[in-house]
Amino acid sequence: MRIEEILKKRRSGESLSRAELVYLLGLPTDALETYMVMAEANRLSTKLSGGKAEVHAQYALNLAPCSCDCLFCSFAKINDIFHEATELTVEQAVAHARRFEADGANAVFIMSTAGYPFERFIEVGGEIRRNLHPGTTLIANVGDQSVKRARMLRDAGFTGVYHALRLREGTDSTLSPEKRKESIRNFQEAGLEVGTCVEPVGPEHTNEELAEMIEFTASFNPAYSGAARRIPIPGTAMAKRGIISELRMAQIVAVTRLGMPDSVTGNCTHEPCTLGAIAGGNLFWAEVGANPRDVEEKTEEGRGETVNSCRAIFHESDLDVLDGPSRFYNRKR
Ligand code: SF4
């Protein structure tokens, strides 16, 4: 039986080939073999993370129509969801970060739209850093950057970044795939850990595309990889393409785990769910404020989960959650 050979190969520490990843992704979601893949990914994630899942918490410094026009994003100008530009005051930004820290988030993420001034991001980020416990892991989710700017993020007190080459980048977005890849190299050169993901997955993505993206994320030894499905933004052209099921997402999360080297201990999935957790997902996100997958200005009134609800989903999946700063992001310390 081919599945047993593939799982045995991965268990021995060998990496899987593109063809093997495609094979695993192509199994029917209700096949016994898919549950074997999910169980193996869960076993491996638990082993590599010392049995400790993590909850990271993200909020946006601003909400604004964004001219980068990524078709899957509610901030994209073309999607005509948000019309006013607003931004948090420094006090509000600090308060959100401190709330997440008090809630026990293992890392605090600050994001902005691509048009938010970088200097302002550094200024506000530095102020947030000064108001957090020195051990709290602070992460930036920003647009493409040069090495010089990546160093500025590090000097402002950020441990790492989230950065992804999104599926069909350059076709479903106006961003350059090469620039996305270059930025990942720049962040790493500046000493920032990069977390990433295979996202946003929709029903139209082929198993070959997914396998290629899994291999790309594995190629730069990220703090974590994982998989997230696309959430349709109502009324947009992309919403017509539909959404994959949580079970299909769980299958992709599991295959992504098996496609990563053992040095990558984190495996994220979004949005949080027990199926993703039992398929090897050991990183969820809590969110407040503006959220590119939501049409509510305050995602806590919409799709956003809290640190506590993310923890509860892990506990429902029989997984423990880490207390303290992220181990996924602090591998080198
Ligand atoms: S994903 Fe980022 S760059 Fe793309 S439209 Fe949304 S905010 Fe702009």
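Helices and strands here are DSSP runs, numbered from the N terminus, and I use those numbers throughout these entries on a predicted model.

**Entry 1, cis peptide bonds.** I looked up the bond from histidine 270 to glutamate 271 and found that it is cis, with omega near 5 degrees. Glutamate 271 has its place in the loop between β10 (266–270) and α10 (274–278). I then turned to the bond from glutamate 199 to proline 200, which is also listed as cis, with omega near -15 degrees; proline 200 belongs to strand β8.

**Entry 2, helix α8.** I took residues 207–219 next, which form helix α8 with its 13 residues, and the distance from the first C-alpha to the last is 18 Å, close to the 18 Å expected at 1.5 Å a residue. Which residues of α8 are buried? I noted Asn207, Leu210, Ala211, Met213, Ile214, Phe216, Thr217 and Ala218. In an α-helix there are 3.6 residues a turn, so residues three or four places apart point the same way. I also asked what the buried residues of α8 pack against. Their partners include three helices, namely α2 (18–25), α7 (177–189) and α9 (246–259), together with the strands β8 (198–201) and β9 (224–229). Strand β8 is where I had already placed proline 200.

**Entry 3, positive phi.** After α8 comes asparagine 221, which lies in the loop between α8 and β9. Asparagine 221 has a positive phi of about 50 degrees although it is not a glycine. Is asparagine 221 buried, partly exposed or exposed? I count it as partly exposed because its relative accessibility is 32%, and the partly exposed class runs between the 20% and 50% cut-offs.

I found a positive phi at aspartate 318 as well, about 65 degrees, and this residue is not a glycine either. Aspartate 318 sits in the loop between α11 (307–316) and β12 (320–321). With a relative accessibility of 73%, aspartate 318 counts as exposed, because exposed means over 50%.

**Entry 4, the ligand.** Where does the ligand sit? I find the ligand in the largest pocket. The residues around the ligand are Cys66, Cys68, Asp69, Cys70, Cys73, Phe75 and Arg166. When I sorted this shell by class, I got five nonpolar residues, two charged residues and no polar ones; cysteine counts as nonpolar in this scheme, as does phenylalanine, whereas aspartate and arginine count as charged.

Conventions. Residues are numbered from 1 along each chain as its sequence is written. This is a predicted model: local features need pLDDT of at least 70, side-chain atom pairs count only at pLDDT 80 or more; totals for chains, interfaces and linings use all residues. Side-chain values use heavy atoms; hydrogens and water are left out. Helices (H or I, at least four residues) and strands (E, at least two) are DSSP runs, numbered from the N terminus. The expected span of a helix is 1.5 Å times one less than its number of residues. Buried means under 20% relative accessible area, exposed over 50%, partly exposed in between (1.4 Å probe, protein chains only). Contact means heavy atoms within 4.5 Å. A residue is near a molecule or strand if one of its heavy atoms lies within 4 Å of it. On a 1 Å grid over the protein atoms alone, a cavity is a set of points where a 1.4 Å probe fits but cannot get out, and a pocket is an open set with protein on both sides within 12 Å along at least five of seven lines; lining residues have an atom within 4 Å of a point. A molecule sits in a cavity or pocket if more than half of its atoms lie within 2 Å of its grid points.
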